[in-house]
Amino acid sequence: MIRLENVSKQFKDFSFTNVNYEFADRLYQLNGENGSGKSVLLKIIAGLDRKITGQVQNSYAKRPRLFLTDVGIGLPYLDLRDNIELSAQILGVDLNEESFLPLFREEKYLETLYAQSSLGNQNKVGLSLLFSETRYSLIVLDETLNGIDRESVVLILEQLCILQEKKCCPIIAVSHALTLKEALQVDIHDILGRKKHG
């Protein structure tokens with residue numbers, strides 16, 4: 001569980017004050033228009049932005065966190081397999097190739113250099129880490145499903161549902177491209193206590 005307690009943030013022309021919200025160990029889809037503060041809030045929740053007042057309490061703070069955006073997490077001169085293995089080592093998670101191989105359909109894609117891979121396959125490097133048996137403290141997917149083929153999206157959504165059933169940690173996804181039916185739909189404006197524009 002993650003709890004925001006009286007969290008306030010001033011960011012350029014954007015601010016919010018005294019936000020109190022609790023994310024239970026389930027799947028959420030965070031909704032809101034571009035520029036509404038979703039990514040800012042996600043960085044605060046993940047502990048990546050500490051220039052705030054108030055507190056963010058995470059029940060599982062000692063576990064690794066998985067924070068993925070629409071930009072892949074690979075090194076251009078390594079193939080996809082090596083990037084996945086390196087990412088797993090950096091996070092300290094156990095990962096079996098058989099668990100994530102269906103995302104790539106064929107082993108030859110894992111042998112492709114990251115720099116020569118499609119955007120979708122680059123994003124799958126980070127998404128492969130969803131298939132680890134390691135429990136995370138938080139999973140964030142900030143537009144990470146962009147550019148992912150439909151079959152792989154289905155596999156990823158199935159894995160998110162499995163993780164939700166295990167109640168392993170809060171899982172927060174942002175996607176303008178699709179609605180996650182299994183997720184609790186939460187509007188950024190409701191969390192921040194602001195009125196919607198328009």
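Both faces of strand β6 are covered in this predicted model. Leu138, Val140 and Asp142 are buried on one side, and Ile139 and Leu141 are buried on the other. Because 5 of the 5 residues of β6 are buried, the strand is largely enclosed by the rest of the structure. β6 belongs to an open sheet of 5 strands with parallel pairing. It also gives two or more residues to the largest nonpolar core.

**The parallel sheet**

- The strand order is β5-β6-β7-β3-β8.
- β5 and β8 (184–187) are the edge strands, and each pairs on one side only.
- From one strand to the next, the twist averages 20°.
- β5 and β6 run parallel and pair over 4 bridges. Within this pairing, Arg65 has Leu138 of β6 as its bridge partner.
- β6 is also joined to β7 by 4 bridges, again in the parallel sense. Here Asp142 stands opposite Val174 in β7.
- Between β6 and β7 the chain passes through α6, and this β-α-β crossover is right-handed.
- Strand β3 (residues 27–31) pairs with β8 in the parallel sense, over 4 bridges. Gln29 stands opposite Gln185 of β8.

**Glu143, after β6**

- Glu143 sits in the loop between β6 and α6.
- Its relative accessibility is 11%, so Glu143 counts as buried, the cut-off being under 20%.
- Glu143 touches Thr69, Asp70, Val174, Ser175 and His176, leaving aside residues up to four places away in sequence.
- Glu143 and Leu68 are 75 residues apart in sequence. Their C-alpha atoms are 8.2 Å apart in space.

**Nonpolar cores**

- The largest nonpolar core has 33 residues.
- The residues with the most contacts inside this core are Leu127, Leu130, Ile139, Leu141, Ile156 and Leu160.
- Three strands give two or more residues to it: β5 (65–68), β6 (138–142) and β7 (171–174).
- Helices α2 (80–91), α3 (97–104), α5 (119–127) and α6 (150–166) also give two or more residues each.
- α6 gives the most, with 5 residues.
- Leu127 touches Leu68, Leu103, Leu141, Thr144, Leu145, Ile148 and Ile156, not counting residues up to four places away in sequence.
- A second, separate core has 25 residues. Among them are Leu4, Tyr28, Val40 and Ile191.
- In soluble globular proteins, nonpolar side chains tend to be buried together.

**The antiparallel sheet and α1**

- Another open sheet has 3 strands in the order β2-β1-β4, with antiparallel pairing.
- Its edge strands are β2 (14–23) and β4 (53–58), each pairing on one side only.
- The twist in this sheet averages 20° from one strand to the next.
- Strand β1 (residues 2–11) and β2 are antiparallel and pair over 7 bridges. One bridge pairs Lys9 with Phe16 of β2.
- Helix α1 (residues 38–45) packs on this sheet and touches β1, β2 and β4. The direction of α1 makes about 130° with that of β1.
- α1 is mostly covered, with 6 of its 8 residues buried. The buried residues are Lys38, Val40, Leu41, Leu42, Ile44 and Ile45.
- One of these, Val40, is in the second core.
- Just after α1, Gly47 takes a positive phi of about 80°.

**Cysteines**

- A search of the whole structure finds 0 disulfides.
- Cys161 is in no disulfide. Its nearest cysteine sulfur belongs to Cys168, 12 Å away.
- Cys161 counts as buried because its relative accessible area is 17%, against a cut-off of under 20%.
- Cys169 is in no disulfide either. The sulfur of Cys168 is the nearest cysteine sulfur to that of Cys169, at 3.8 Å. A disulfide requires two cysteine sulfur atoms within 2.5 Å.
- Cys169 is buried, with a relative accessible area of 1%.

How values were computed. Residues are numbered from 1 along each chain as its sequence is written. This is a predicted model: local features need pLDDT of at least 70, side-chain atom pairs count only at pLDDT 80 or more; totals for chains, interfaces and linings use all residues. Side-chain values use heavy atoms; hydrogens and water are left out. A nonpolar core is a set of buried Ala, Val, Leu, Ile, Met, Phe, Trp, Tyr and Cys residues joined through side-chain atoms within 4.5 Å. Buried means under 20% relative accessible area, exposed over 50%, partly exposed in between (1.4 Å probe, protein chains only). Contact means heavy atoms within 4.5 Å. Two strands pair if DSSP finds at least two bridges between them. Axes are lines fitted to C-alpha atoms, for helices over the stretch in contact, and angles run from 0 to 180 degrees between N-to-C directions. A crossover is right-handed if, with the strands pointing away from the viewer, the path from the first strand over the helix to the second runs clockwise.
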